[in-house]
Amino acid sequence: MEKKHINPPELFVHPSYTRVITVSGPSKLIFIAGQTPSDERYRPLEIGNMRGQYLRVMEALTIQLNAAGATWDDVVYRRIFVLDMDAFINVQTDPAMTYPWHPDRPPPSTLVGVTRLSHPDFLIEIDLMAVTSG
């Protein structure tokens, strides 16, 4: 299986995501449902703290990727839902933030501002699609 990251030169190369990923060859598709910043009883964590909630969500997504036999290098699509776009962009653009993917190969992403998530204290939710070889 081969994954190719493509940022067409005619378009702005965004620092937070790759425009296109193609996958060829035998593969296994992995879909991870929207992850919220919640504990094992679905209670909100890091209430009012976008950075804290983002880190909790990323931690839970990493656990799920590992359970499916994948890593962040296998993620081919990420969809992010946030209540406060400015707060999230501040987290994303903070030079002190580190990310679990290779800096030259972030997954393609869609960022959507919403008015509410499944619990009023959730500020963020992220779902993923990953591809591994067989």
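**Close-up 1. Val82, a buried residue of strand β4.** In this predicted model, Val82 has a relative accessibility of 0% and counts as buried. Val82 belongs to strand β4, which covers residues 75–82. Neighbours within four places in sequence are set aside in the contact list that follows. Val82 then touches Met50, Phe88, Leu111, Val112, Gly113, Val114, Leu123 and Ile124. Pro103 is not on that list. Val82 and Pro103 are 21 residues apart along the chain, and their C-alpha atoms are separated by 22 Å.

**Close-up 2. The crossing of helices α1 and α2.** Two packed helices are described by the angle between their axes and the distance between the axes. Helix α1 spans residues 50–67. Helix α2 spans residues 85–92. Their axes come within 9 Å and cross at roughly 65 degrees. Angles of 65 to 115 degrees count as roughly perpendicular, and α1 and α2 are therefore roughly perpendicular to each other. The crossing is right-handed. On the α1 side, the contact is made by Met50, Arg51 and Tyr54. On the α2 side, Ala87, Phe88, Val91 and Gln92 take part. By class, five of the residues in this contact are nonpolar, one is polar and one is charged. Met50 and Phe88 also appear among the contacts of Val82.

**Close-up 3. Asn49, in the loop before α1.** Asn49 sits in the loop between β3 (28–35) and α1 (50–67). Asn49 is partly exposed, with a relative accessible area of 31%. A polar atom of the Asn49 side chain lies 2.8 Å from the backbone nitrogen of Gly52. Ala87 is 38 residues away from Asn49 in sequence. In space, the two are 9.2 Å apart, C-alpha to C-alpha. Ala87 is also one of the α2 residues in the contact with α1.

**Close-up 4. Ser16, a buried loop residue.** Ser16 lies in the loop between β1 (2–6) and β2 (20–24). Is Ser16 buried or exposed? Ser16 has a relative accessible area of 18%. The cut-off for buried is under 20%, so Ser16 counts as buried. Which residues does Ser16 touch, not counting those up to four places away in sequence? They are Arg78, Gln92, Pro106 and Pro107. Gln92 also takes part in the contact of α2 with α1.

Note on methods. Residues are numbered from 1 along each chain as its sequence is written. This is a predicted model: local features need pLDDT of at least 70, side-chain atom pairs count only at pLDDT 80 or more; totals for chains, interfaces and linings use all residues. Side-chain values use heavy atoms; hydrogens and water are left out. Helices (H or I, at least four residues) and strands (E, at least two) are DSSP runs, numbered from the N terminus. Buried means under 20% relative accessible area, exposed over 50%, partly exposed in between (1.4 Å probe, protein chains only). A polar contact is a pair of N or O atoms within 3.5 Å; within protein, one must be able to donate a hydrogen and the other to accept it, and residues adjacent in sequence count only if both atoms are side-chain atoms. Axes are lines fitted to C-alpha atoms, for helices over the stretch in contact, and angles run from 0 to 180 degrees between N-to-C directions. Angles under 35 degrees count as roughly parallel, over 145 as roughly antiparallel, 65 to 115 as roughly perpendicular and the rest as oblique. A crossing is left-handed if the near helix is turned anticlockwise from the far one by less than a right angle, and right-handed if clockwise. Contact means heavy atoms within 4.5 Å. Ala, Val, Leu, Ile, Met, Phe, Trp, Tyr, Cys and Pro count as nonpolar, Asp, Glu, Lys and Arg as charged, and the others, Gly among them, as polar.
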